[in-house]
Amino acid sequence: MYGLQGKVAVVTGSGRHSGIGASIALRLAAEGCRVVITDIGRPLGQEFAAAHIGATDEMESIAAACRQAGTEAIAVPCDVRREAECEALIAAAVKAFGRIDILVNNAGVGYLMEAFTEFRESSWDAVLDVNLKGAFLCSKHAAIRMQEQGGGSIVNIASQAAKSGFPFAAAYTASKHGLVGLTRSNAVELGRHGIRVNAVCPNHITTGLGDWQNKFFSEKLGLDYDTYLKGIVDRNPLGRTGLTNDIAKAVAFLCSDEASYITGEALNVSGGEEYH
Ligand SMILES: NC(=O)c1ccc[n+]([C@@H]2O[C@H](COP(=O)([O-])OP(=O)(O)OC[C@H]3O[C@@H](n4cnc5c(N)ncnc54)[C@H](O)[C@@H]3O)[C@@H](O)[C@H]2O)c1
């Protein structure tokens, strides 16, 4: 346990049961944090189809699971591309729990992958708007409150694609590299207010998004699903793919006083697959 009892945490994109965000929220709840589950809540056309988004009832059910851990939790829909919604999200956290100590920018779109020469402007915008602009907007409004309170911790869920390039993923890779840039800039600027800002860079995890990526890349490579996945496992020094809980543990550590002298880092949680 990391001494996070009573802290107030907002985790974006935490409204899908198999997702990294839900795992982070449940871990923070188990640590005694009061948690705000937030996600887009409703399908919004081709770029945000129902198959990829955390719906309102799923968010409510994850908030209920957090409460079962013995803490308080609420669900607040928020499209992180919209500043007014991000501002309202932070206000809702403060209204419910009086403060905000932890923001985890986890909302992400990783399923809009296309050959670079065919990449649609609408796909580029959707990916950059959620993965990078969304983190900017939520961080901005959280930081306003955290400054007033005298401190806080922000963790951005980046990716191995924040350190290395991946085919068909120009927008995703650019957004995640940008997210590390945002992390470093915010860490330098907000440190004097007691706000630490770090990123976590997972490798492959078979969430709903991860499953979609496995299908996409195995088809592109002409491999069956299991052979493709075995290739990932064989390349990994620790011999397995990531688990959502691997990321949740790293986030809990980074938010805790055990990490009180750590800011501006982009921590690989990849079983040794990524090391720079
Ligand atoms: N799964 C992996 O292998 C992997 C690896 C590296 C990084 N990541 C990153 O981890 C994060 C979580 O991914 P995941 O694998 O759990 O996928 P996921 O699809 O389960 O989670 C992404 C969440 O973001 C939400 N979201 C999308 N658009 C949104 C918007 N406009 N506003 C608010 N929420 C929005 C979705 O509804 C969804 O709940 C993402 O940022 C992803 O890029 C995942």
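Is threonine 71 buried or exposed? Keep that in mind while reading these notes on the model, which is a predicted one.

1. Let me start with that residue. Threonine 71 sits in the loop that runs between helix H2 (56-68) and strand S3 (73-77). Its relative accessibility is 14%, so threonine 71 counts as buried, the cut-off for that class being under 20%. The side chain of threonine 71 has a polar atom 2.8 Å from the backbone oxygen of cysteine 33.

2. Now for the ligand, which will probably interest you. Its surroundings comprise 30 residues, and the closest of them are Ile20, Asp39, Gly54, Tyr172 and Thr207. By class, the shell around the ligand holds 15 nonpolar, ten polar and five charged residues. Both domain 1 (8-203 + 244-264) and domain 2 (205-241) supply at least three residues to that shell.

3. Some polar distances at the ligand are worth having to hand. An N or O atom in the side chain of lysine 176 lies 2.9 Å from an oxygen atom of the ligand. For glycine 108, a polar backbone atom is 3.3 Å from an oxygen atom of the ligand. With cysteine 78, a backbone N or O atom is 3.5 Å from a nitrogen atom of the ligand. As for cover, the ligand on its own has 820 Å² of accessible area, and the protein covers 99% of this.

4. Aspartate 79 belongs to the loop between S3 and H3. At a relative accessibility of 3%, aspartate 79 is classed as buried. Its side chain makes a polar contact of 2.6 Å with the side chain of arginine 81.

5. Helix H7 (residues 225-235) has two sides that you can tell apart. Its residues Tyr228, Leu229 and Ile232 are buried. Viewed along the axis of H7, the buried residues lie within an arc of 95 degrees, and therefore they line one face of the helix. Exposed residues are found on the other side of H7, namely Asp226, Lys230 and Asp234. As background, an α-helix has 3.6 residues a turn, which means that residues three or four places apart point the same way.

6. A backbone angle to look at is that of phenylalanine 168. Phi there is near 65 degrees, which is a positive value in a residue other than glycine. Phenylalanine 168 is placed in the loop between strand S5 (152-157) and helix H5 (170-190). With a relative accessible area of 26%, phenylalanine 168 is partly exposed.

7. Two pairs show how sequence separation and spatial separation can be read together. Aspartate 246, in helix H8 (residues 244-255), is 222 residues from isoleucine 24 in sequence, while their C-alpha atoms are 9.4 Å apart in space. At 15% relative accessibility, aspartate 246 counts as buried. The other pair is alanine 91 and glutamate 219, which are 128 residues apart in sequence and have a C-alpha to C-alpha distance of 44 Å. Alanine 91 is part of helix H3 (residues 83-97), and its relative accessibility of 46% makes alanine 91 partly exposed.

Notes
Residues are numbered from 1 along each chain as its sequence is written. This is a predicted model: local features need pLDDT of at least 70, side-chain atom pairs count only at pLDDT 80 or more; totals for chains, interfaces and linings use all residues. Side-chain values use heavy atoms; hydrogens and water are left out. A residue is near a molecule or strand if one of its heavy atoms lies within 4 Å of it. A polar contact is a pair of N or O atoms within 3.5 Å; within protein, one must be able to donate a hydrogen and the other to accept it, and residues adjacent in sequence count only if both atoms are side-chain atoms. Accessible areas come from the Shrake-Rupley method with a 1.4 Å probe; for residues, only the protein chains shown count as cover. Ala, Val, Leu, Ile, Met, Phe, Trp, Tyr, Cys and Pro count as nonpolar, Asp, Glu, Lys and Arg as charged, and the others, Gly among them, as polar. Domain bounds come from an automatic or database domain assignment. Buried means under 20% relative accessible area, exposed over 50%, partly exposed in between (1.4 Å probe, protein chains only). Helices (H or I, at least four residues) and strands (E, at least two) are DSSP runs, numbered from the N terminus. The arc is that of the directions from the helix axis to the C-beta atoms.
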